[in-house]
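Got the viewer open and a selection box ready? Let's walk through a few stops together, picking residues as we go.

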Amino acid sequence: MPDCVTAEIRVLRVNGCEAAWSLDEVAVEEPLEIRLGCGDSPRIYSSISVTMRTPGHDRELAAGFLFTERVVQSASDLESIEPWGGLDENGFRNIVKVNLRPGLSIDARRLERHFYTTSSCGVCGKAGLDSIRVDTERLAVAETIPRNLVHQLPQRLRAAQEGFAHTGGLHATALFDSAGQIIVMREDVGRHNAMDKAIGHTVLNSSDSPAVALVSGRASFELIQKVAVARIPVLAAVGAPSSLALRLADECGVTLIGFLRDARFNVYTHPGRIGGLAC
């Protein structure tokens, strides 16, 4: 069974003129509320986000969200992350309580992201246009990644996508080292959640920054922003990039690859990190 949560349902399968009932699996989508506790005892808790996600790896999701929003800078800023409250009618615990270390000073403007977000949008509901962009330092061009290794990444991601194999309905993010080995792979109904879970894993486990992030869908603005904050120099996507993703990748020094499939890919920004290109 996959690490993420799936549900078994009855479905009427239609094939030409024939129809028959059978069992199938779908990805579970449930809300997760992140409550942030600041200050010394007694702490004051604020609800800073409700996101629609696939249950599982909720601690990583909360850590990755807070890290990529620049609310926290490292795992040392997080005193604890724990589920809170009772189970809902479907048997899920949908609140996590995050305690920041005593004495930590945070940027209150980052908490303006007090919103509900769907599983398809990672910036919906932000307080204003000025709160969408997170300031990051431009990434310097580091070691190159061989072109033939880039071609191999989608197959390695797909082989690890156990949840997708069961449901066909989950996005995935895999973080790779410079040798093309998967550091962590996470799946979720939301592409931004899958990225936050993967980055949250590296934050909580004090992992070195990965060399490549690969996403199973398109490359959007919020995904570029998250890899830039996490200091991941290459973002590769099976699908297409958006115009805003291209602009942000160029500004942040991120190498953006799109349409990585069928032994082909496009490099949109900073191609110098991909070795073996004749251009």
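Start with the charged pairs: there are eight salt bridges in this structure, which is a predicted model. We'll visit three of them.

**Stop 1: R13 and D24.** Select both and show side chains. They form a salt bridge, with 3.6 Å from N to O. Now colour by strand: R13 lies in β1 (residues 6-15) and D24 in β2 (residues 18-27), so this pair links distant parts of the chain, 11 residues apart. Turn on a surface and look at how much of each partner shows. R13 is partly exposed because its relative accessibility is 43%. D24 also counts as partly exposed, at 26%.

**Stop 2: E33 and R35.** Move on to this salt bridge, where the closest N and O atoms sit 2.9 Å apart. Is E33 buried or exposed? E33 is buried, at 17% relative accessible area, and the cut-off for that label is under 20%. R35, at 24%, counts as partly exposed.

**Stop 3: R53 and D58.** Select these two next and draw a distance between the side chains. This is another salt bridge, with 2.8 Å between the closest N and O atoms. Put the surface back on and try to find the partners: D58 is buried at 15% relative accessible area, and R53 is buried too, at 1%.

**Stop 4: helix α4.** Leave the charges and select residues 191-204. That's α4, a helix of 14 residues. Draw a line from its first C-alpha to its last and you'll get 20 Å, close to the 20 Å expected at 1.5 Å a residue. How many of its residues are buried? The count is 13 of 14, so α4 is mostly covered. Before you leave, click on S206, which follows the helix: its phi is positive, near 50°.

**Stop 5: P241.** For the last stop, go to the loop between β12 (234-237) and α6 (243-252), where you'll find P241. This proline is buried, with 17% relative accessible area. What does P241 touch, leaving out residues up to four places away in sequence? Select A219, L246, L256, F259 and Y268 to light up its contacts. Then add S220: its C-alpha is 6.0 Å from that of P241, though the two are 21 residues apart along the chain.

Key: Residues are numbered from 1 along each chain as its sequence is written. This is a predicted model: local features need pLDDT of at least 70, side-chain atom pairs count only at pLDDT 80 or more; totals for chains, interfaces and linings use all residues. Side-chain values use heavy atoms; hydrogens and water are left out. Helices (H or I, at least four residues) and strands (E, at least two) are DSSP runs, numbered from the N terminus. The expected span of a helix is 1.5 Å times one less than its number of residues. Buried means under 20% relative accessible area, exposed over 50%, partly exposed in between (1.4 Å probe, protein chains only). A salt bridge is a side-chain nitrogen of Lys or Arg within 4 Å of a carboxyl oxygen of Asp or Glu. Contact means heavy atoms within 4.5 Å.
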